[in-house]
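Please look over the sequence and the model below before reading on. The report that accompanies them is meant to be read alongside both.

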Amino acid sequence: MDNLQEADARYLKRRVKGCTLDVHPTEKALVVQYEVEATILGELGDPMVGERKECQKIIRLKSLNAHTDTSSLARKVVEECRLIHPSKLSEVEQLLFYLQKRKQLNDNQEKKRISPRDFTPYAGVELDEEASISSIDEYVELLYEDIQEKIRGATLIFQLARNPDNLEELIQNEPALGALARVLREDWKQSVDLATTITYIFFCFSSFSQFHGLVTHFKIGALCMNIIEHELKRYDLWQDELQKKKKASEESPESQTLKKEHEKSFKKYQSLLIKQEQLLRVALCLLLNLAEDTRTELKMRNKNIVHMLVKILDREDPELLLVVVSFLKKLSIFLENKNDMAETLAVEKLARLVPCEHEELLSTSLRLLLNLSFDMTLRSQMVQAGLIPKLSTMLADEGQRQLSMCILYHISIDDRFKSMFADTDCIPQLMKMVFDCGEKMDVELISLCINLAANKSNAQVVCEGNGLKMLMKRAVKMKDVLVMKMIRNLSQHSGQTKSLFLDHVGDLAAQISEEEAEEFVIECLGTLANLTIPDLDWALVLKEYNLVPYLKDRLKPGAAEDDVILEVVIMIGTVSMDDSCAAMLAKSGIIPALIDLLNAQQEDDEFVCQIVYVFYQMVFHKATRDVIVKDTQAPAYLIDLMHDNNAEIRKVCNNTLDIIAEYDEEWGKKIQTEKFRWYNGQWLEMVENRQMDEAGEPFLYGEDGESYIGTGDILERPDLFYSADGIISTDGAISPEFYSDLQNGELGQTGYMSSVAEQFVPADRPVSAYGFRPDEQLFFNYNNASR
């Protein structure tokens, strides 16, 4: 055997090349980088196979301090380390001098080691001895002794594992890692200290992605899941036992024995709880690291990790809660996990953490709530948990303001919750932020304000004092589209809020020009269109700011973007409520322009609905009614739209046609005929298309063979019309009683005009085809999911 080894040595040649020196970044040590070149020689000495390997050696200088003689220490280093050539003595001395003068960290800023929130040793783990990497085999042997020796051996290995420099060497020692995994698997129930220490060791490896394969190989993740599940069951048992003893002591207050037994159990419970939460924390940290791989994360979810985490949210330890909330935040970006959190009422438990003194825990909790706030059900849970006033309070904290604002924005999307903001100090704080910010405003801030302004109660709070005046000043000065969007939402509310806009009509009208940005003009037009105020002299506004030519020019198809044209139509509908304005618009030729626009946009329900509403407003005034009825074909278009698929269009058309029929007899007959055709279409089709058999239907014909119904258009037979309680006589004319009944308000729904008296009162602007009022702004949306 010895001869064979000598022969192998003769044919293997090693050579060290390229030695370089540097200082260790954190420790008092020199780092030697070198390259080993191994060559296998043939029998004649010729090189056959060669291999190169880069290596590193760390020379720790524990004796180096401020009083050390660096020259003597340099010579000693060169003598003892054969890798360093004597010619590098001066370089070694310079590096030692640098290390000596380098500012050392104080005791509180000791070099950072791998640990979840800095591992704090507890009774049973503290050791006086210091571990050495060269003694690793001795520590492994301790793992085969009794529990106390196993704890000692694991603790020494843990000291080594906390230093990242030792991990590479430890990973090469597979027997040591195998022994640790075996002891954890077999003995974790016997000692919490042992389980915690070994789990910490594997946590150190899990902190680096390249070592995840090692942790997975020993199935430490699955074992941690089992440990967590078991510990949660133990916690429930402790709670039940404590409750029983507490109840017993309360039922017998005179019994000192029961009282002392309860106090003793409570103290024991507290000490056990501290150790258990330490174990839970490191196990969850390890799982959180492994969850970088989504496949591993899915396995955890299948083992109910979400339910376990939500259950731990009831604990009080802030460091444990931080790990739990961080884990939930990572999981929350997946739909299935989010649904699990909704099912387990995670929001209710998170609400108690807002606010809290632990800054990082508070920030992480808010980020988790932000992720969950994208879900409507979870937003409802947040409101029920009382988060609106809590988050409103958090706006004063500059560090948490952004997150709080984003969550409040998501809650404000739902109309059900908007009014709840009025009872908090949220709106005054938001207004102060709006007025204090410079030229650029945070999009989250103004987005939240836009949503809140859509509620009447909130609008009143916003406009208190000089609120509206300050907003108008900023919007006009900065040409801020989003602030104007907020003002537009404020303007839609009836009552005192709308009347405040009387002072700002001129400022708004002045912005409507070709020079201004189109987006800004749209918001100004929309705001003016909302101002249905009786005291507002629209004719004076149109003349003073010369708006009629602008409005007319924008009605031409293609003259502007559809959004601008639509706002112009809505604006015309508003000003047409004024008699003099309606006449002014009619004289300018706007009505034919509206009919042309109606032809061009007949497929767009929004345009059709608003143009018909303009006609509805104009037929109230004699001057414009005559123009519409006699000079245009608007009634014919309205008849065509009377049976449109859109309910709002049908409603406005019917109201408009009823008024036209009242004032124009010829159109009244046409409208009446069309309504009769529509409501009796089936019967008419049957009568007109039925082939009458003389033999089969003898009673339909007279003696001369002429049909009793006649050969002409059946609708030319007014005697066949139904008589509606005296409203329509057999000759088809409207009876005189109709007018007296109308004036007395006695006309019911039996006439062809349902509730005619009501129709003569201007109706509200129609709801748009898409389910929202055209003068109500959509929410300004953004996406900021937190990972």
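What follows describes a few helices, one helix pair and two single residues.

This is a predicted model, in which local features need pLDDT of at least 70 and side-chain atom pairs count only at pLDDT 80 or more, while totals for chains, interfaces and linings use all residues. Residues are numbered from 1 along each chain as its sequence is written, and side-chain values use heavy atoms, with hydrogens and water left out.

Helices here are DSSP runs (H or I, at least four residues) numbered from the N terminus, and the expected span of a helix is 1.5 Å times one less than its number of residues. Two of them are set out in the table.

| Helix | Residues | Number of residues | Distance between end C-alpha atoms | Expected span |
|---|---|---|---|---|
| Helix 7 | 174-187 | 14 residues | 20 Å | 20 Å |
| Helix 29 | 518-529 | 12 residues | 16 Å | 16 Å |

Buried means under 20% relative accessible area, exposed means over 50%, and partly exposed lies in between, with a 1.4 Å probe and protein chains only. In helix 29, 10 of the 12 residues are buried, so this helix is largely enclosed by the rest of the structure. The buried residues include Glu 523, Cys 524 and Thr 527, and those of helix 29 pack against helix 25, helix 26, helix 28, helix 30, helix 31 and helix 32, where contact means heavy atoms within 4.5 Å.

In helix 7, the buried residues include Leu 177, Leu 180, Leu 184 and Asp 187, and the elements that cover the buried residues of this helix include helix 5, helix 8 and helix 10.

The loop between helix 7 and helix 8 holds Ser 191, which counts as buried because its relative accessible area is 8%. The side chain of Ser 191 reaches the backbone nitrogen of Asp 193 at 3.4 Å, and, neighbours within four places in sequence aside, Ser 191 is in contact with Ile 147 and Ile 151.

Two packed helices are described by the angle between their axes and the distance between the axes. Helix 13 (residues 305-312) and helix 14 (residues 318-331) pack at an angle of about 145°, with axes 9 Å apart. Among the residues that meet are Ile 305 and Leu 309 in helix 13, and Val 324 and Phe 327 in helix 14.

Glu 336, in helix 15 (residues 335-343), counts as partly exposed because its relative accessibility is 44%. The C-alpha atoms of Glu 336 and Arg 301 are separated by 8.9 Å, although the two residues are 35 residues apart along the chain.

Conventions:
Helices (H or I, at least four residues) and strands (E, at least two) are DSSP runs, numbered from the N terminus. Axes are lines fitted to C-alpha atoms, for helices over the stretch in contact, and angles run from 0 to 180 degrees between N-to-C directions. A polar contact is a pair of N or O atoms within 3.5 Å; within protein, one must be able to donate a hydrogen and the other to accept it, and residues adjacent in sequence count only if both atoms are side-chain atoms.
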